[in-house]
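Work through the exercises below with the model open. Each task is followed by a stepwise solution.

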Amino acid sequence: MNEPQKKPNEAETETAPAQGAAPDGQGNAAADTPDGAAPAAAAAGEQGVDGSAGEKVAALEAEVASLKDQLLRTLAETENIRRRAQREREDTAKYAVSSFAKELLAVADNLRRAVDAVPAEQREQDEALRNLLVGIEATERQLLAAFDRGGIKKMEALGEPFDPNFHQVVFEVENTGKPGGTIVQVLQDGYTIHGRLLREAMVGAAKRGADEAPATSRVDTSA
């Protein structure tokens, strides 16, 4: 009779490695995985980390560029404000004396009237009067020199065409032989301060003919 087949020992069954599985070095069978799956997973993890870091770097670079642009705009605006304030200070320094200068123009007018009021013959005959007029003329020259240092200039209007920005016509003269609007007489000199009108000249102008067009200049030059 054949001997009955032996049943496998339970201990042997438990410790026997599964078919096709290799021990992992600790007596345990390693799980079946496709070839190269583990390296691919590791590479994917590294790419995910690199991608996240790249996005952060790009975001930081964009923020730096934005802050740099804001800084440059702020610096430019600050410089414009500084320049504008400087121009305003310079204009204030230039034109702050306009009212005072207008008062002194009357003094210059009276000095010139005093000189012009004396006929040349009488001046030559009267030595005392001549010396007085010499003193008045010296005072006038000093005053005009002070005007010049302050940027105040007398306008030469006689013979010039009428300009409504600088001249005030008090009367018109007919048959002067000059083009209409030409200034033929100056009653009061005009002055400018640093190129701007300080006081317009009061003048008499040649009357325009019917076929002559009036002056059309309109330039804001007042101080």
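**Exercise 1.** Determine how many bridges join strand β4 to β5, and in which direction the two run.

Solution. Strands are DSSP runs of E with at least two residues, helices are runs of H or I with at least four, and both are numbered from the N terminus. Strand β4 covers residues 191-193. Between β4 and β5 there are 3 bridges, and the strands run antiparallel. One residue pair to locate is I193 with its bridge partner R196 in β5.

This is a predicted model, in which local features need pLDDT of at least 70 and side-chain atom pairs count only at pLDDT 80 or more, while totals for chains, interfaces and linings use all residues. Residues are numbered from 1 along each chain as its sequence is written, and side-chain values use heavy atoms, without hydrogens and water.

**Exercise 2.** Place β4 and β5 in their sheet and give the strand order.

Solution. Two strands pair if DSSP finds at least two bridges between them. The open sheet has 3 strands in the order β1-β4-β5, with antiparallel pairing. Its edge strands, β1 (152-154) and β5 (196-199), each pair on one side only. Neighbouring strands are turned by 35° against each other on average, direction ignored.

**Exercise 3.** Find which strands helix α3 lies across.

Solution. Angles run from 0 to 180 degrees between N-to-C directions of axes fitted to C-alpha atoms, for helices over the stretch in contact (heavy atoms within 4.5 Å). Helix α3, residues 98-116, lies across β1, β4 and β5. Its angle to β5 is about 55°.
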